[in-house]
2 protein chains.
Amino acid sequence: MPRKKDYHHGGVKTELINAAVKALKTQSLEAVSMRKLAAAIGVSHNAPYMHFKDKEALWLAISDAGFELLSKEINREIAVHSLWRERLVAGCNAYVRFAENNREYMLVMFRPSTPGIVRALAPKGAEALGLLIRELTAGAASGEIENTDPEKLAVLIWLMLHGLTMAKLQIGGERGPLRQLGSEDRIGWMLDKVLALHS
Amino acid sequence: MPRKKDYHHGGVKTELINAAVKALKTQSLEAVSMRKLAAAIGVSHNAPYMHFKDKEALWLAISDAGFELLSKEINREIAVHSLWRERLVAGCNAYVRFAENNREYMLVMFRPSTPGIVRALAPKGAEALGLLIRELTAGAASGEIENTDPEKLAVLIWLMLHGLTMAKLQIGGERGPLRQLGSEDRIGWMLDKVLALHS
DNA sequence: ACTCGATATTGCCAATGTCAATATACCTGT
DNA sequence: ACAGGTATATTGACATTGGCAATATCGAGT
């Protein structure tokens, strides 16, 4: 239904987002320009500004979509387990896997200036952190870990996870001390260390 | 000895770096431009390109200086203790304190594109990580922690430390779950968790 | 049929990174 | 002291970019 003649071609907003995400798969954040995106979807260099006040607004939209996707992914992988410990590991793995498969989104979500970190650690917490806290609370309730401050523990775990993830994204993951640390069994190892299980 | 008449004013290179560092104290990375820096130190907009091939080259130089400063700082604070555990804590605290007092440098050292993380985690490791490994090895040798993989443990600790630090830098540190986590005693708490001391 | 609001276009501007050509000062060997 | 070379700095130019303003085009409701 869009694209009558040529002027109003209809889906600039979503097409622009798609183009941006695709561009980010091969280019860096700063290398992506409004004008090139506009050209890529075949509109004039100012058409984007109908739908996004700013370049920043574009990133914002993409970032939102990214957080949405991430939460969905984590939820999906958590749901297949019932024991809190397995759910925790699954969630962490989902986080890392999402980052690897969606580098583009992560770059936007946690770009330096306007911070995904703020959102991810906001008082009420993003979904992802909330899930973590929930599982840790469950673990504490079951008596398997010390009942001190599940929230603090969650932040700590998330910091590790996030640090690991972003580091892997920057490095590319081929070489260096992170290679082994990133593989799935190592995440379990990390969690063991941090949780200091009673067992 | 510099600044004879007006043309060759001598210290463009160092003055440019100083100006950039100063500018970064109040502005974001992308807000700092070669031309403004040149203007700030009173030279033409192309003078900088005598001393730096690129804008990137400028960041590189500043980044190098930053890593140098960081290592010095950590060494200085570690040196006043003799027990490995105290040295470890002192080093971690030094890391965080350096980041808080030198936000400018950290922003450049760990800017997204060309990665400080690669350098900090490079095979031979930056000074800072090397120090960490050394203390952990000492701890393992003394039998106070498990003797498994001091290097892996070091990376893990660094990831937490770095994640915490960068998150604090982005947030500003006033509010949110990181406030308490960042204070000095909390770093000890983090280390306890990760080290899972025998004691 | 006419108007209005959303959408898209063209034109424009200042700022920026960077290249090329030119000017200026310093240094070195004679 | 001087000539020439070299490092340093300047001016000029250019393409790209983000973003504003004015204009054009279309669709829907009266």
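**Helix packing and burial in a predicted model**

Q: In this predicted model, which residues of helix 5 of chain B are buried, and what makes a residue count as buried?
A: In helix 5 of chain B, the buried residues are R87(B), L88(B), V89(B), A90(B), G91(B), C92(B), A94(B), Y95(B), F98(B) and A99(B). A residue is placed in this class if 20 or more other C-beta atoms lie within 10 Å of its own.

Q: How do you know that the length of helix 5 of chain B agrees with its number of residues?
A: Helix 5 of chain B has 18 residues, which at 1.5 Å a residue should span 26 Å, and its end C-alpha atoms are 25 Å apart, so the two values agree.

Q: Why is the packing of helix 5 of chain B and helix 8 of chain B called roughly parallel or roughly antiparallel?
A: Helix 5 (residues 84–101) of chain B and helix 8 (residues 127–141) of chain B pack at an angle of about 160 degrees, with their axes 9 Å apart. Because angles over 145 degrees count as roughly antiparallel, helix 5 of chain B is roughly antiparallel to helix 8 of chain B. The crossing of these two helices is left-handed.

Q: Which residues make the contact of helix 5 of chain B with helix 8 of chain B, and how many are nonpolar, polar and charged?
A: Helix 5 of chain B contributes W84(B), R85(B), R87(B), L88(B), G91(B) and Y95(B), while helix 8 of chain B contributes A128(B), L131(B), L132(B), E135(B), A138(B) and G139(B). These residues of the contact comprise 7 nonpolar, 2 polar and 3 charged.

Q: What are the elements of chain A, and how many of them are helices and strands?
A: Chain A has 11 helices and 0 strands, and its elements therefore read α-α-α-α-α-α-α-α-α-α-α from the N terminus on. Of the 199 residues in chain A, 36% are buried.

Q: Why are helix 4 of chain A and helix 8 of chain A called roughly parallel or roughly antiparallel?
A: The axes of helix 4 of chain A and helix 8 (residues 127–141) of chain A come within 9 Å and cross at roughly 25 degrees. Since angles under 35 degrees count as roughly parallel, the two helices are roughly parallel to each other. Their contact is made by L70(A), S71(A), I74(A) and I78(A) of helix 4 of chain A, together with E127(A), A128(A) and L131(A) of helix 8 of chain A. The residues of this contact divide into 5 nonpolar, 1 polar and 1 charged.

Q: How do you know that the span of helix 8 of chain A agrees with its 15 residues, and which of its residues are buried?
A: At 1.5 Å a residue, the 15 residues of helix 8 of chain A should span 21 Å, and the end C-alpha atoms are 21 Å apart, so the values agree. The buried residues of helix 8 of chain A are A128(A), L129(A), L131(A), L132(A), I133(A), E135(A), L136(A) and G139(A). This helix is followed by G143(A), whose phi is positive, near 80 degrees.

Q: Why does A65(A) count as buried, exposed or partly exposed?
A: A65(A), found in helix 4 (residues 55–79) of chain A, has 15 C-beta neighbours inside 10 Å and therefore counts as partly exposed, given that a buried residue needs 20 or more and an exposed one has 12 or fewer. The C-alpha atoms of A65(A) and Y105(A), 40 residues apart along the chain, are separated by 8.2 Å.

Notes
Residues numbered from 1 in each chain as written. Chains lettered and ligands numbered in written order. Predicted model: local features only at pLDDT ≥ 70, side-chain atom pairs only at ≥ 80, totals over all residues. Axes fitted to C-alpha atoms, helices over the stretch in contact; angles between N-to-C directions. Helix = DSSP H or I, 4+ residues; strand = E, 2+ residues; numbered from the N terminus. Parallel < 35°, antiparallel > 145°, perpendicular 65-115°, else oblique. Left-handed = near helix turned anticlockwise from the far one by under 90°. Contact = placed C-beta atoms within 7 Å. Nonpolar A, V, L, I, M, F, W, Y, C, P; charged D, E, K, R; others polar. Expected span 1.5 Å × (residues − 1).
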